[in-house]
Amino acid sequence: MADLVVDNWFGKEIVDASTTMLTEPFVHDFVRANIWHLKGRDADLLVDTGMGICPLVPQIGTPAGKPLIVVATHIHLDHVGSLHEFPLRMGPRMSAAQFEDMDDAVTYAYMFHNLEGAVSRSPAPGWKAADYRIPAAPLTRTLDEGDVVDLGDRKFHVLHLPGHSPDSIALLDEADGLFFAGDAIYDGMLIDDLPDSDRAAYCRTMQRLLDLPIRIGHGGHGPSFDGARMREMASAYLRRRERFVSAG
Ligand SMILES: [Zn+2]
């Protein structure tokens, strides 16, 4: 029975021949993040790992012997929950020390404990949001601005894009404009009021995104977007902040 529930926990969407998106339809939409699986020639890439409420490994079909590089875009609960299940764990250099204990105060796991409607369907008999914990997942490689994640046929450059969180990173394949944005930008309500958010840094990130040549962006939440849509979203954020600053 438990297996059946686990199999039904994740939603899966085939995006194109090499890209699959997974998500957790039964968690509260505040913490319903996108999990991206991209097939590469020499290695596969997984960007973010969801809440970790049910095992993610069985959902990711990587051929035996082919490495699966897992990149956490930042240390928030909805992105790092299942990171510990994977052997190749990459994440931001800035928060690397914190991946070694996954403190509730850093991941914001504590916010989930009392969240009204945390899940719309129980993942297992007797499951309680109050018992939710994220296992430690020490990084096997740390990533910072300018680093490269190489899948053989694709190379992703790491961008450090703080604002939503201080440690937010994103991955850009400059050769064809494929962009994994994490929570630096996505097509939805951007969160800039967490205790570790920084609006001035977020504005600088948005300025940078205005000039970033992307073909397609896959964000940490919401639908994917093209370059024009990303510029719209970044401009809208900047206008909102300017209005706020001049009104305040
Ligand atoms: Zn986040």
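In what order do the strands of the open sheet of 5 strands come? The order is 8-9-10-11-12, and the pairing is mixed. Keep in mind that this is a predicted model. The legends below take a handful of close-ups in turn.

**View 1. The open sheet of 5 strands, with its mixed pairing.**
Strand 8 (148–150) and strand 12 sit at the edges of this sheet. Each of those two has a single partner strand, so one side of each is left without a neighbour in the sheet. From one strand to the next, the twist averages 25°. Look at strand 11 and strand 12 and you'll find them running parallel, joined by 4 bridges. For a spot to look at within that pairing, find Phe-179, which stands opposite Gly-217 in strand 12.

**View 2. His-218, a buried residue in strand 12.**
The relative accessible area of His-218 is just 3%, and the cut-off for buried is under 20%, so His-218 counts as buried. Its side chain makes a polar contact of 2.7 Å with the side chain of Ser-224. Leaving aside residues up to four places away in sequence, His-218 also touches a run of residues that includes Leu-178, Phe-179, Phe-180, Ala-181 and Gly-182. Val-15, Thr-19 and Trp-36 are among its contacts too.

**View 3. The zinc ion and its protein donors.**
Here the zinc ion is held in view with His-74 (NE2), His-76 (ND1), His-164 (NE2) and Asp-183 (OD) as its protein donors. They lie 2.1 to 2.5 Å from the ion. The angles among the 4 donor atoms run from 85 to 174°, and the site is irregular. Written along the sequence, the spacing of the donor residues reads H-x1-H-x87-H-x18-D. His-164 and Asp-183 are 19 residues apart and link distant parts of the chain. His-164 belongs to the loop between strand 9 (155–160) and strand 10 (169–173), while Asp-183 belongs to the loop between strand 11 (178–182) and helix 5 (199–210). Buried or exposed? Both His-164 and Asp-183 are buried.

**View 4. His-221 and its two aspartate contacts, Asp-78 and Asp-183.**
You'll find His-221 in the loop between strand 12 (216–219) and helix 6 (227–247). His-221 is buried, with a relative accessible area of 10%. Its side chain makes a polar contact of 3.3 Å with the side chain of Asp-78. Another polar contact, also listed at 3.3 Å, joins the side chains of His-221 and Asp-183. That same Asp-183 is one of the donors of the zinc ion. Setting aside residues up to four places away in sequence, His-221 touches Phe-30, Arg-32, Ala-33 and Asn-34, among others. Its contacts also include His-79, Tyr-186 and Asp-187.

**View 5. Ile-185, in the loop between strand 11 and helix 5.**
Ile-185 is buried, and its relative accessible area is 0%. Which residues does Ile-185 touch, not counting residues up to four places away in sequence? They are Phe-179, Leu-190, Met-206, Leu-209, Gly-219, Phe-225, Met-230, Met-233 and Ala-234. As for Arg-231, it is 46 residues from Ile-185 in sequence and 10 Å away in space, C-alpha to C-alpha.

**View 6. The open sheet of 7 strands, in the order 1-2-3-4-5-6-7.**
The pairing in this sheet is mixed. Strand 1 (11–16) and strand 7 (141–143) take the edges; each has a single partner strand, so one side of each is left without a neighbour in the sheet. Neighbouring strands here are turned by 20° against each other on average, direction ignored. Strand 1 and strand 2 (residues 19–23) pair in the antiparallel sense over 5 bridges. They form a hairpin with 2 residues between them. Asp-16 has Thr-19 as its bridge partner in strand 2.

**View 7. Strand 3, strand 4 and the loop between them, which holds Ala-43.**
Strand 3 (residues 35–38) and strand 4 (residues 44–47) run antiparallel, joined by 3 bridges. Leu-38 stands opposite Leu-45 in strand 4. In the loop, Ala-43 counts as buried at 5% relative accessibility. Ala-43 and Leu-68 are 25 residues apart in sequence, yet 5.8 Å apart in space, C-alpha to C-alpha. Not counting residues up to four places away in sequence, Ala-43 touches Lys-66, Pro-67, Ile-69 and Leu-151.

Key
Residues numbered from 1 in each chain as written. Predicted model: local features only at pLDDT ≥ 70, side-chain atom pairs only at ≥ 80, totals over all residues. Heavy atoms only, no water. Donors = N, O, S within 2.8 Å, 3.2 Å for Na, K, Ca; no water. Tetrahedral: all angles 85-135°; square planar, octahedral: opposite > 155°, others 65-115°. Buried < 20%, exposed > 50% of the residue type's maximum accessible area, 1.4 Å probe, protein only. Polar contact = N/O pair within 3.5 Å; in protein donor to acceptor, adjacent residues only side chain to side chain. Contact = heavy atoms within 4.5 Å. Pairing = 2+ DSSP bridges. Axes fitted to C-alpha atoms, helices over the stretch in contact; angles between N-to-C directions.
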